[in-house]
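Colleague: I would like to learn how to read a few features of this model. Where should we start?

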Amino acid sequence: MRWEKCVIFDLDGTLTQSEEGIWNCVRYTAEKMGYPVPDAATLRKFIGPPLTYSFREFMGMEGEEVDRAVRTYRERYQVTGLFENRVFPGIRRLLRMLKRQGCWIGIATGKPQEPSERIVEYFGLKKYIDAVAGPLGFHSEEKEDLIRRALPEEYGEAWMVGDRKFDIEGGRKVGISTLGVGFGYGSEEELRQAGCTAYAATVQDAIDILCPGQENPQGAFLSIEGLDGSGKSTQIRLITDAMERYGFEVVHSREPGGCKVSEKIREVLLDKDNVGMTDITEALLYAAARAQHVREVIRPAVNAGKVLLCDRFVDSSVAYQGGGRQLGVERVLAINAPAVDGTLPMATIYLDIDHETSLKRRSAASELDRMEMEADSFHARTEAAYRELIARDPQRFIVVDATRTPEEIGKAVAEQVLARLMEAEE
Ligand code: TMP
């Protein structure tokens with residue numbers, strides 16, 4: 001079969017940012033073999049070239065010692081170093097867009113084949129990759145041979161994408177177009193001198209060059225909910241880090257707020273002086289802030305292929321105004337229908353604490369807003385309404401026990417969120 005378009009990627013510094021694992025393994029090797037630990041500038045040079053070359057050139061090793069160093073490095077790398085790694089934000093979007101074009105996607109890397117395949121699998125990228133070519137034996141292989149192995153037998157337009165001169169030189173020897181990328185470990189000067197066909201400073205530039213005129217795939221909308229004091233801010237940080245490590249582009253927002261008009265409404269809603277606000281006014285103001293936010297922030301981010309993580313959404317209105325203020329679930333949903341207009345989160349993380357724990361945590365806070373000052377009975381009704389919502393829509397909610405340590409909660413949430421995001425990429 002002939003493939004009309006093929007894109008072959010280098011791995012380290014092009015698809016993934018792997019310095020953490022590589023540097024830790026070089027340090028480990030130096031310490032074990034009694035060499036001085038290389039400084040930061042020297043460590044940087046280890047990313048890209050074959051290990052044998054690096055140990056010889058940058059640490060002055062010779063003969064037998066080079067082989068011992070490679071063995072020592074791999075001892076740690078295969079267990080731990082491999083996963084001390086991140087996919088560059090936006091790479092998933094690029095791979096999705098290429099696959100949608102019916103493109104053949106290969107990887108040609110100086111990293112041995114087996115760990116390269118494990119990295120691709122670990123980050124859920126296997127569904128995009130048609131071939132992985134890395135050195136098979138103990139010794140390194142020429143980049144041009146790796147690129148040939150990563151290509152199908154017959155092809156039309158073909159690109160080699162990489163961050164170092166080795167990638168560009170290899171691609172040129174094979175006779176295909178080359179794209180140098182500036183977000184990895186090489187400089188623009190290095191890539192241009194090597195003769196790259198085109199240069200992309202950012203992942204977005206690479207998308208513009210490799211997928212011209214193509215629309216972005218849909219991103220995802222996630223929300224996070226819980227009673228006041230459930231630890232949303234900490235969890236937002238931890239989940240964001242996990243999503244970004246997998247190459248998702250995360251945008252944060254919050255309700256009420258998230259854009260200029262809605263932040264102004266937030267001030268009115270949370271102002272302690274507004275004691276006379278009626279329950280229905282409050283519900284309408286939350287809905288009004290939401291109407292603006294959905295159109296100005298949420299939809300554009302999702303349409304641009306981003307993952308929008310929103311601190312509270314319509315569930316908060318149903319719980320606080322519907323339950324807490326006793327306006328009723330159906331009434332609050334009806335008020336919000338034109339605001340939301342069909343835009344609902346793909347998944348909602350619910351940080352589960354009961355209203356007594358919420359009260360204890362709120363009592364420890366220095367200053368409370370108008371909602372947080374409400375009596376415990378208000379928060380008990382809010383909790384009950386949340387439970388009703390979860391029972392109504394169990395598929396959407398990711399419910400986690402939020403009385404555990406932040407790290408334990410973060411791990412549990414990240415696993416489930418990542419699984420859902422990757423499922424939705426199909
Ligand atoms: P925050 O403290 O999590 O930023 O939320 C502000 C307060 O507003 C919080 O007490 C929950 C409340 N709230 C509602 O009552 N209804 C809503 O629709 C939203 C979004 C928040």
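Modeller: Start with a definition: a salt bridge is a side-chain nitrogen of Lys or Arg within 4 Å of a carboxyl oxygen of Asp or Glu. The general idea is that side chains of opposite charge can pair when their charged atoms come close. Keep in mind that this is a predicted model. A search of the whole structure finds 36 salt bridges. One of them joins the side chains of R325 and E282, at 2.9 Å from N to O.

Colleague: Which parts does the pair of R325 and E282 tie together?

Modeller: R325 sits in the loop between α14 (314-324) and α15 (329-340), while E282 belongs to helix α13 (residues 279-303), so the pair links parts that are 43 residues apart in sequence.

Colleague: How is the protein chain divided into domains?

Modeller: The assignment gives domain 1 (2-15 + 85-210), domain 2 (19-83) and domain 3 (220-424). Domain 1 is thus listed as two segments, 2-15 and 85-210. Between the centres of domain 1 and domain 3, taken over C-alpha atoms, there are 40 Å.

Colleague: How do I read the interface between domain 1 and domain 3, and what is the area buried there?

Modeller: The size of an interface is often given as the accessible area lost when the parts come together. For domain 1 and domain 3 the buried area is about 1100 Å², with 43% of that area given by carbon and sulfur atoms. Of the area that domain 1 buries against domain 3, R86, R92 and R93 supply 46%, more than any other three residues. In terms of contacts, 14 residues of domain 1 meet 12 residues of domain 3.

Colleague: How many salt bridges and polar contacts are there between domain 1 and domain 3?

Modeller: There are two salt bridges between these domains. R93 forms a salt bridge with E249, and their closest N and O atoms are 2.8 Å apart. Seven residue pairs are in polar contact between domain 1 and domain 3, counting pairs with both residues at pLDDT 80 or more. On the side of domain 1 that touches domain 3, β3 (86-87) and α5 (91-100) each supply at least two residues. The largest share, four residues, comes from α5. By class, this side of domain 1 has six nonpolar, three polar and five charged residues.

Colleague: Now the ligand. Which residues are closest to the ligand?

Modeller: The ligand is surrounded by 14 residues, and the closest are K232, R290, R312, S317 and Q321. For K232, a polar side-chain atom lies 2.8 Å from an oxygen atom of the ligand. D228 also places a polar side-chain atom 3.0 Å from a ligand oxygen atom. In the side chain of Q321, an N or O atom is 2.9 Å from a nitrogen atom of the ligand.

Colleague: What is the phi of R312, and where is R312 found?

Modeller: R312 has a positive phi of about 75 degrees although it is not a glycine. R312 is found in the loop between β11 (307-311) and α14.

Colleague: Which residues does a cis peptide bond join?

Modeller: The cis peptide bond joins E255 and P256, with omega about -10 degrees. P256 is in the loop between β10 (250-254) and α12 (260-270).

Definitions and conventions: Residues numbered from 1 in each chain as written. Predicted model: local features only at pLDDT ≥ 70, side-chain atom pairs only at ≥ 80, totals over all residues. Heavy atoms only, no water. Domains from an automatic or database assignment. Contact = heavy atoms within 4.5 Å. Buried area = accessible area lost by both parts, 1.4 Å probe. Polar contact = N/O pair within 3.5 Å; in protein donor to acceptor, adjacent residues only side chain to side chain. Nonpolar A, V, L, I, M, F, W, Y, C, P; charged D, E, K, R; others polar. Near = heavy atom within 4 Å.
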